[in-house]
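Please read the following walk through the structure alongside the sequence and the coordinates. The text begins with a loop and then turns to the nonpolar cores.

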Amino acid sequence: MMLKRTLLLLAITSIALTGCKSSGQASGQVTVSESPISSAVATSEPTTNPATPGAEPTTVPTKGSDSTSPTLMKGVTALRLADAQKGWIGGKGYIAHTDDGGAKWKVQYTGIGEVGQLFALNDQEAWATEKATGKLFSTQDGGAKWSTVGTVPNQAFLHFVSKQEAFSGNAQSVDGGVKWAKLPVPEGIKGDAYFHDNKNGWAVRQAQDKVEVLRTQDGGQNWKSVMSRPTVATLTGTVIRSAGADDAWIELIGESGMTQTSYSLFHTKDGGKSWQTVLVNSTAGGGPAPGFPMGDTTGPKNTGSKPGPLYVVNTDVAFMGGSCPACDKPNSVGWTKDGGKTWVNGTESFTGYGELLLGMADANSGWLITNDNEQPSVMYTTRSGGVNWNKVHTFDAP
C-alpha cells in the first residue's frame, strides 16, 4: 500500500513539473492648390490593407477567461506602449502586459482570436481589436478586466483621442467604440483616410500620372488639395499619421518586384502649405518611389528594400523600420528628429522574417519586436533613441 502511494505521489509531481515550464536631406517641389473639392461618402469599406538570460517564462496562468491552463505567448501580432516601462502586446489568442519594460509578461486575457491592433491612452485605458471579426475589447483598469465593447467597421489605424472618441479610417465613435459613423471622404482615395480629430483629416488619391494629398478642416464636408506631384509609379498603398491639427506624415507606397517595394515619405507641420521630403526609397525591383521620376536617386533613404512600420512620436520625431527579405538580418530602424530635414539610419539589424513591430514612448525610449514562422518572437528596447537596442525577452517558440 505504501509503495502505491509513493508511486502516485511521484506521478503527480512529474505532471506538475511538466506543466510549468546614414542621414540626408531633400526638399521636394510641390504644387499647392487651394481650390475646394466636393466631398462624397465612400461607397465601399476602406481597403484592408533561445531564452533571454534573466527573462521569466511566458507560460503564465491567464486571467480574464475561464481557462486555468497556461498560455503560450506565440507570434506577437500587436504592440502598444503606455510609457517606457508599461505596455501591452497581443498575439494569437491572448493579450499580455508588462510593467518592467518587457522583462516579464503577464497574460491578462485569452477570450480573443488573433489580435489585430492595440491602442493605449495611458497605463489604465487600452483597447484591442480581434483581426478576423473586428471585435473591439477594452480595459479601464490597466488590464485587470477586459470586456467587449463593440466592433470596428474596418481595419484602418485605430486611435482614441479621449476615453469616448475614436477614429478608424473615416469612421468615428463618440461612445468608446460601441457605435461608429462614417465621415465623408472624396471619391477615389487610395488606402484609408486619417482623421486627427473630428475636424482635421487627410487622404491621398492618384489621378493618372499625378499623386495628390487632400485635407479637410470641417470633418470631411469639404476637401482641398494641399500637395500634388507628378509620379511614374502606381500608388499601391498609403500610411498616414498625425501629431497635431496641422501635422501630417504621408507615406506613399509604390510598386514591388524581386522582394523590393518602392516608397516615399513626406511631412508637413503647417497644414500642407509646405512639405518636407523625408524619404525617397526607389528600388531596382519596385521602380521609382511615388512622386519621383524614373532614375531619380536623390534624397534620403531608409535601410532595407521594403518599408517597415512607421511610428510618429511628435511633430519633429518619427521612426520607421526597414525590411530586407534577402538579408540574414532583415530588420532595421531609422529616424528623424528634426521633422524630416535629416534622416539617420540605425547601425543595428535584427533577425526575423515575419512582421516587425515598433513602438516608442518618446524620442528616446521604445520597443521593437521581431517575428518569425520558425523562431520565437524577440523583444528589444532602446533608451538612446534607436542608437542601441538591448534584447530583453524571448517569447515562446511557434
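In this predicted model, Thr 259 sits in the loop that runs between strand 19 and strand 20, and Met 258 lies in that loop between strand 19 and strand 20 (260-268) as well. The backbone here deserves a careful look, since most residues other than glycine have a negative phi. Thr 259, a residue other than glycine, nevertheless has a positive phi near 60 degrees, and Met 258, which is not a glycine either, has a positive phi of about 55 degrees.

How exposed are the side chains of this loop to their surroundings, taking Met 258 as the starting point? Met 258 has a relative accessibility of 58%, and because exposed means over 50%, Met 258 counts as exposed. Thr 259, at 47% relative accessibility, falls under that cut-off but is not under the 20% that marks a buried residue, and therefore counts as partly exposed.

From the loop, the reader can turn to strand 19 itself and to the interior. The largest nonpolar core of the model has 17 residues, and those with the most contacts inside it are Trp 202, Val 204, Val 213, Ile 250, Leu 252 and Trp 275. Two or more residues of this core are given by each of strand 15 (201-207), strand 16 (210-216), strand 17 (222-230) and strand 19 (248-257), with strand 19 providing the largest share, three residues. Separate from this core is a second one of 15 residues, whose members include Leu 81, Leu 357, Ile 369 and Val 392.

Note on methods. Residues numbered from 1 in each chain as written. Predicted model: local features only at pLDDT ≥ 70, side-chain atom pairs only at ≥ 80, totals over all residues. Heavy atoms only, no water. Core = buried A, V, L, I, M, F, W, Y, C linked by side-chain atoms within 4.5 Å. Buried < 20%, exposed > 50% of the residue type's maximum accessible area, 1.4 Å probe, protein only. Helix = DSSP H or I, 4+ residues; strand = E, 2+ residues; numbered from the N terminus.
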